[in-house]
Amino acid sequence: MANRVNLDVSERLDITCRKGDTFSMTVTMKDSSGTALPLATNSYSFLMQVYGYSKKSQTPVLGSSNLGKKVDNSFEAFVLDDSGNVTIAATAATMRNIKPGKYTYDLQYVLPTTSGVDTHTTVLRGSFTVNDDISKSL
């Protein structure tokens with residue numbers, strides 16, 4: 001008889017980017033058989049939050065604008081397609097506001113259901129490191 005169950009399907013992906021540079025990352029979502037998820041047709045939505053490790057503040061340093069709470073620095077609207085691709089982006093101006101340092105993040109999708117009880121699943125988690133930049137655009 002099994003004595004454990006692990007419902008955490010998230011995978012670790014550490015991200016390193018640079019302060020003041022445009023941030024753009026595309027993730028391809030597939031089901032367990034390797035088939036791309038129809039993200040646009042099935043009306044998926046995505047949430048991503050980046051916090052400091054101490055999490056003293058309840059406000060993320062960078063986050064999705066659809067969080068329902070105050071986010072000082074937000075990602076652009078996520079772009080989804082039916083080939084399973086979700087593109088996450090932040091402008092250079094937004095990234096200039098993020099202090100260099102090591103943060104933590106996760107990426108979650110929300111799949112609406114006909115019952116009204118949406119499915120929320122965290123798919124990625126890890127460190128989010130912002131390196132300082134020498135060149136500063138005007």
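**Exercise 1. Getting an overview**

Work out what share of the contacts with a separation of 6 or more comes from residues 24 or more positions apart, then sketch the protein as a whole.

*Solution.* Start with the contacts: among those with a separation of 6 or more, 63% join residues that sit 24 or more positions apart. Keep in mind that you're looking at a predicted model. Next, go through the secondary structure. There are 9 strands and 1 helix, and along the sequence they run β-β-β-β-β-β-β-α-β-β. Now take the overall dimensions: the C-alpha trace spans about 55 × 35 × 30 Å along its principal axes. Finish with the surface. The protein has 138 residues, and 38% of them count as buried. Its accessible surface is about 8500 Å², with 50% of that belonging to carbon and sulfur atoms.

**Exercise 2. Into the core**

Find which residues touch the most other members of the largest nonpolar core, and which strands supply at least two of its residues.

*Solution.* First, some background: nonpolar side chains tend to be buried together in soluble globular proteins. Here, the largest nonpolar core has 28 residues, and the ones touching the most other members are F23, M29, F46, M48, F75 and F128. Then look at where this core comes from: β2, β3, β4, β7, β8 and β9 each supply at least two of its residues.

**Exercise 3. Rings that pair up**

Count the aromatic pairs in the whole structure and describe how F46 and Y109 are arranged.

*Solution.* A search of the whole structure turns up 7 aromatic pairs. In one of them, F46 and Y109 sit edge-to-face, 6.3 Å from centre to centre and with 65° between the planes. Now place the two partners: F46 is in strand β4 and Y109 in strand β8, so this pair ties together parts 63 residues apart in sequence. Both F46 and Y109 are buried.

Move on to F75 and F78. Their ring centres are 6.0 Å apart and their planes meet at 65°, so this pair is edge-to-face. As for burial, the cut-off is under 20% relative accessible area. F75 has 2% relative accessibility, so it counts as buried. F78 has 17%, so it counts as buried too. Last step: ring pairs join F75 and F78 with F23, Y105 and F128 into a cluster.

**Exercise 4. A salt bridge**

Track down the salt bridge and decide for each partner whether it is buried, partly exposed or exposed.

*Solution.* Searching the whole structure gives 1 salt bridge. Its partners are D14 and R12, whose closest N and O atoms are 3.1 Å apart. To classify them, remember that exposed means over 50% relative accessible area. R12 comes to 53%, so it is exposed. D14 comes to 43%, so it is partly exposed.

**Exercise 5. Two residues and their surroundings**

Locate G20 and N85, and list what each touches beyond its neighbours within four places in sequence.

*Solution.* Begin with G20, which lies in the loop between β2 (15-18) and β3 (23-28). Being in a loop doesn't settle the burial question, so check the value: G20 has a relative accessible area of 18% and is therefore buried. Outside its sequence neighbours within four places, G20 is in contact with A92, M95 and R96.

Now for N85, which sits in strand β7. Setting aside neighbours within four places, N85 is in contact with T26, V27, T28, L39, V79 and L80. Pick out T28 from that list: its side chain and that of N85 make a polar contact at 2.6 Å.

**Exercise 6. A loop and a tail**

Say where S43 and I134 are found, and compare how exposed they are.

*Solution.* S43 is in the loop between β3 and β4. Check its backbone: phi is positive, about 60°, although S43 is not a glycine. With a relative accessible area of 46%, S43 counts as partly exposed.

I134 belongs to the segment after β9. Its relative accessible area is 80%, so I134 is exposed. To finish, try two C-alpha distances from I134. G20 is 114 residues away along the chain, with a separation of 9.5 Å. L13 is 121 residues away along the chain, with a separation of 26 Å.

Terms used
Residues numbered from 1 in each chain as written. Predicted model: local features only at pLDDT ≥ 70, side-chain atom pairs only at ≥ 80, totals over all residues. Heavy atoms only, no water. Helix = DSSP H or I, 4+ residues; strand = E, 2+ residues; numbered from the N terminus. Buried < 20%, exposed > 50% of the residue type's maximum accessible area, 1.4 Å probe, protein only. Contact = heavy atoms within 4.5 Å. Core = buried A, V, L, I, M, F, W, Y, C linked by side-chain atoms within 4.5 Å. Polar contact = N/O pair within 3.5 Å; in protein donor to acceptor, adjacent residues only side chain to side chain. Salt bridge = Lys/Arg side-chain N within 4 Å of Asp/Glu carboxyl O. Areas by Shrake-Rupley, 256 points an atom, 1.4 Å probe, with all protein chains shown as cover. Phe/Tyr/Trp six-rings, centres within 6.5 Å; stacked < 30°, edge-to-face > 60°.
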